[in-house]
Amino acid sequence: MSLNQKRILGTHIFANDANTTVVDQIAMLKNIGFGAFFTEWCPEHTAEWAEAAAKHGMIYQSIHSPFCGEYDVSNLWRGGEAGEFVTNSLIECVRDCAKHSIPVMVIHPFIGFREHTPTQVGLDNYARIIEVAEDLGVKLGFENVEGEEYLAAIMERFWASPACGFCLDTGHEQCYNGGKDMMALYGEKLCHTHFNDNLGIVLPPEASIDDTWQNDLHLTMGDGIVDWKGVMDRIDASPYDGPIICELSRNNKPNRNDHDKYAAMSLEEFYRFAFDRLSKVVNREI
């Protein structure tokens, strides 16, 4: 897409905000100028949120499938009862997307920093999810996270599937993928974006590898070191013409204060700030 000003802008909704319901946030986002949003998977609320999206003329672009705790996606690669549970849960998430006409389900291919070996049982489990997504017309946005080998294995196995897509997380590209151009690898499959910023690798050398997640700050665009003009150049060179969506945080990582200014804002002030920054990114003003 060459006319960047026509891009629909979107954001992640803070479903755990104690003061403003998701339904009220959807109306708030529409008033600010956003045209799309995504949420985490809360199956008891999907119908309500989809109804609010339709009421306000918003695109409910995706559900981010669960990936940690009891839903630890690394278990898909290990198999057993835990792997079966996670596989079946993600299939139910696909069904929820289809039921409510949500076009994309975002998936973390893996979670963790110590394992780097994809398995056949993992690919077989993902094949089950892919098959349901194909049947129901849901696109799976596999996200660039830690453990690039797992994303690579999925893309190699399922590239030809119409359900196989790629979700670019700009912050992960910077702090987990070492600045590697993930769009050069998977841009043809781009179906969703998670725009956010960070400061790269900020942990001291003596930090444990298990603390690497603390580099993933999810700052508002322009508050870190991501090359935003380069990001937009790469996206515009791809076939993707869907919404540009950010995924941000208002919470500090342990022993850091990078998010203090966001926490000091009201939720509406923060969303307006994020919309301004996202607009500037898309129009190459940052």
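In this predicted model, Gly10 of strand S1 stands opposite Ala36 in strand S2. S1 covers residues 9–12, and S2 covers residues 36–40. The two strands run parallel and are joined by 3 bridges. On another strand, S8, the bridge partner of Gly10 is Ile245. S8 spans residues 244–246 and pairs with S1 in the parallel sense, again over 3 bridges. Gly10 thus has a partner in S2 and a partner in S8.

The residues of S1 split by direction. Leu9 and Thr11 point one way, Gly10 and His12 the other. All four are buried. Between S1 and S2 comes helix H1, residues 22–32, and the three elements make a right-handed β-α-β unit.

Strand S3, residues 59–64, holds Gln61. The relative accessibility of Gln61 is 8%, so this residue counts as buried. With neighbours within four places in sequence left aside, Gln61 is in contact with Phe37, Ile102, Pro103, Val104, Cys191, His192, Tyr240, Pro243 and Ile245. One of these contacts, Ile245, is also the bridge partner of Gly10 in S8.

Aromatic pairing was examined next. A search of the whole structure finds 15 aromatic pairs. One of them joins Phe110 and Tyr150, with ring centres 3.9 Å apart and 0° between the planes. This pair is stacked. Phe110 lies in the loop between strand S4 (104–107) and helix H5 (120–136), whereas Tyr150 belongs to helix H6 (residues 148–158), so the pair ties together parts that are 40 residues apart in sequence. Phe110 is buried, at 1% relative accessibility. Tyr150 is buried as well, at 1%.

Phe113 and Tyr176 form an aromatic pair with edge-to-face geometry. Their centres are 5.4 Å apart, and the planes meet at 70°. The pair links distant parts of the chain, 63 residues apart. Phe113 is in the loop between S4 and H5, and Tyr176 is in the loop between helix H7 (170–175) and helix H8 (182–186). Phe113 has 15% relative accessibility and Tyr176 has 16%. Buried is defined as under 20%, so both residues qualify.

Ring pairs also build a cluster, made up of Phe14, Tyr262, Phe270, Tyr271 and Phe273. A charge–ring arrangement involves Lys189 and Trp159. The charged end of Lys189 sits over the Trp159 ring, 5.5 Å from the ring centre.

The cysteines were then checked for disulfides. A disulfide is a covalent bond between the sulfur atoms of two cysteines. The search of the whole structure finds 0 disulfides. For Cys97, the closest cysteine sulfur is that of Cys93, at 4.8 Å. The cut-off for a disulfide is 2.5 Å, so this separation is too far for a bond. For Cys167, the closest cysteine sulfur lies in Cys191, 6.8 Å away, and is likewise too far for a bond. Cys97 is buried, with a relative accessible area of 0%. Cys167 also counts as buried, at 0% relative accessibility. Cys191, named here as the neighbour of Cys167 by sulfur distance, is also among the contacts of Gln61 in S3.

Definitions and conventions. Residues are numbered from 1 along each chain as its sequence is written. This is a predicted model: local features need pLDDT of at least 70, side-chain atom pairs count only at pLDDT 80 or more; totals for chains, interfaces and linings use all residues. Side-chain values use heavy atoms; hydrogens and water are left out. Rings of Phe, Tyr and Trp (its six-membered ring) pair if their centres lie within 6.5 Å; planes under 30 degrees apart count as stacked, over 60 as edge-to-face and the rest as tilted. Buried means under 20% relative accessible area, exposed over 50%, partly exposed in between (1.4 Å probe, protein chains only). A charge sits over a ring if NZ of Lys or CZ of Arg is within 6 Å of the ring centre and within 35 degrees of the ring normal. Contact means heavy atoms within 4.5 Å. Two strands pair if DSSP finds at least two bridges between them. A crossover is right-handed if, with the strands pointing away from the viewer, the path from the first strand over the helix to the second runs clockwise.
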